[in-house]
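I opened this model to learn how its parts fit together. These are my notes, in the order I took them.

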Amino acid sequence: MSERIVVVGFGPVAARLVDELLPAVRSGLVQLLVVGQEAEAAYNRVMVAELGVGRTTAEALAMADASELEADGAEVRLGVEVKRIDRARQNIVLSDGSTEHYDRLVFATGSRPVIPNLTGLNPDPARPVLPAGVTALRDLKDAAVLRGAVAGGKRVVVLGGGVLGLETALAASEEGARTTVVHNGPFPLGRSIDRGSGSVLTNSLRASGVRMAGNARSTGIETAGPDGSFSALMLDDGSAIGGDLLVLSCGVRPRTELAEGCGLPTGAGILVDHHLRTYHEPHMFAIGDCAEVRCPDAGCVDCRTAVGPTGLVGPGWRQAEWLAEYLVVLARDGQDAADALEALPTEKPGVVVLKARGINLAVAGDNQADPWDDELLEAGAASGRPRRQISQWADPEHGRYVKMTTRGGVLEGLVAVGMPRTAAELVVLFERSSELPADRSLLLRLDGPDQFDAGATSNDPQRTVCRCAGVSAASISESVLEGCSTVGEVSKATRAGTGCGGCHEDIKGIIEKHFQAAAA
């Protein structure tokens, strides 16, 4: 008898899980029900800002087709919520009053935007009702609101100095809006980058037409616009920043309330072990932004330093692929066979890339120490383990900055602004835990006129081009050889470029290189 798997949530991570489970659905090994709160099937939420500024379409963002899934044997329920889970009977109760049974349930509820505690905003973070002219830019409706402001050349205020906020501000500015970024601290991305790179980044943003308001603390919003819409963001010094649209980009929080409501333990996210099983409940699993991989074993070294959900789509996709295999083996061969599978690999530290025209930034690992911070450099140097070393170079006038943190020559952290080739090389070295050349300045020459070859890992066909989907340059080249001639066609064939979109230019480069060689 086939097992009935219910997936709660239908975002990008759930779409990957469903895609991986489809062969088992077609064969009749499992039954599959997907419940999505939105009226639309899964789409690439990471690219909603690109849709909002008119650079892509809703069709291009689509990651699933409900009718096609149902033709394959899956059941898809859109526009409904799971209101309650009855663990004893293994049932879910939906907002339309129906009840569905499950043998295995997967939480893929994702995260929700953080709504700051500002005067004029609904304080209920679970069900915020935002005034006209205020958006969290999370779904297709939010994208339409941004599109109207950008198309009209309106004033857009972005509250938050994270990557998504900066990308939104830059893209909106480039497409005709007048944008302002308001953030705490002296520079944006304050939790990820150091002072030097932050200063260079701020100057680059201003040079790109984005007004920057740093060290600013917001207290409320003014709604004196047409029909009571947003008109200004109020600051604690009594000043105000006027605008026609306020974009809240203040981070996200895992959606754990459904799991909490049925008694499952949670931390930052829904707590799961290395098999993505919820604590004390073998029938339930969690993946993606809502899941926190932290097993109950107090002696687990990997979990001792776990930091909770990453908020990145790549780790969620890898969890979805692993869990699909586990569930199929479980349904086909039983519990012992499934538990014999190798546990989910521990995620390596992520790489953050700012995707914008004219501004290049990459950051990974620990880069807070400066070359003369002896206390920080000595941290962790014990029992013969070498101390950290810092290599740093800055050219603020031309918007360039690089810092490399190494231990024993191996890269532990990096930040690079305005140095795209150096950044690409460093990211490859960081992901491979490779040792840097003794003369670090050789890496800087990658962005010089002679483009010195420091090892050519950036031209390595096995290098990872799409970090979200884990697709190599060789796989992309192979798809081009097989007839793919656009980024969209490559994405459909390999999944490269279906995540954050930061690799689109690299994919274009591989395509263009192929056709240039063919023309020659």
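**Notebook: strands, a helix and a loop**

I began with one residue pair: Ile-5 stands opposite Leu-32 in β2. The model is predicted, so I read every value as computed from it.

Next I looked up the strands around that pair. β1 covers residues 3-8, and six bridges join it to β2. The two run parallel. I then followed the chain from β1 through α1 to β2. This β-α-β crossover is right-handed.

I stayed with β2, residues 30-36. Is this strand mostly covered or mostly open? I found it mostly covered, with six of its seven residues buried. β2 also pairs with β3, residues 75-78, through four bridges. That pairing is parallel too. Here I noted Leu-33 opposite Glu-75 in β3.

Then I turned to the loop between β1 and α1, where Gly-9 lies. Its relative accessibility is 13%, and buried means under 20%, so I logged Gly-9 as buried. What does Gly-9 touch, not counting residues up to four places away in sequence? I listed Ala-14, Val-34, Val-35 and Ala-108. I also checked Gly-9 against Val-80. They are 71 residues apart in sequence. In space they are 10.0 Å apart, C-alpha to C-alpha.

From the loop I moved on to helix α1, residues 12-27, and picked Arg-16 there. Is Arg-16 buried or exposed? I logged Arg-16 as buried, because its relative accessibility is 6%. Which residues is Arg-16 in contact with, leaving aside neighbours within four places in sequence? My list reads Trp-317, Ala-320, Glu-321, Arg-495 and Thr-498.

My last stop was an open sheet of three strands. I wrote down its order as β4-β5-β6, with antiparallel pairing. Why do β4 and β6 each have one side without a neighbour in the sheet? I saw that β4 (82-86) and β6 (99-101) stand at the edges, each with a single partner strand, so one side of each is left free of a neighbour there. Neighbouring strands of this sheet are turned by 25° against each other on average, direction ignored.

I closed with the pairing of β5, residues 91-94, and β6. Three bridges join these antiparallel strands. Across that pairing, Ile-92 stands opposite Glu-100 in β6.

Conventions
Residues are numbered from 1 along each chain as its sequence is written. This is a predicted model: local features need pLDDT of at least 70, side-chain atom pairs count only at pLDDT 80 or more; totals for chains, interfaces and linings use all residues. Side-chain values use heavy atoms; hydrogens and water are left out. Two strands pair if DSSP finds at least two bridges between them. Axes are lines fitted to C-alpha atoms, for helices over the stretch in contact, and angles run from 0 to 180 degrees between N-to-C directions. Buried means under 20% relative accessible area, exposed over 50%, partly exposed in between (1.4 Å probe, protein chains only). Contact means heavy atoms within 4.5 Å. A crossover is right-handed if, with the strands pointing away from the viewer, the path from the first strand over the helix to the second runs clockwise.
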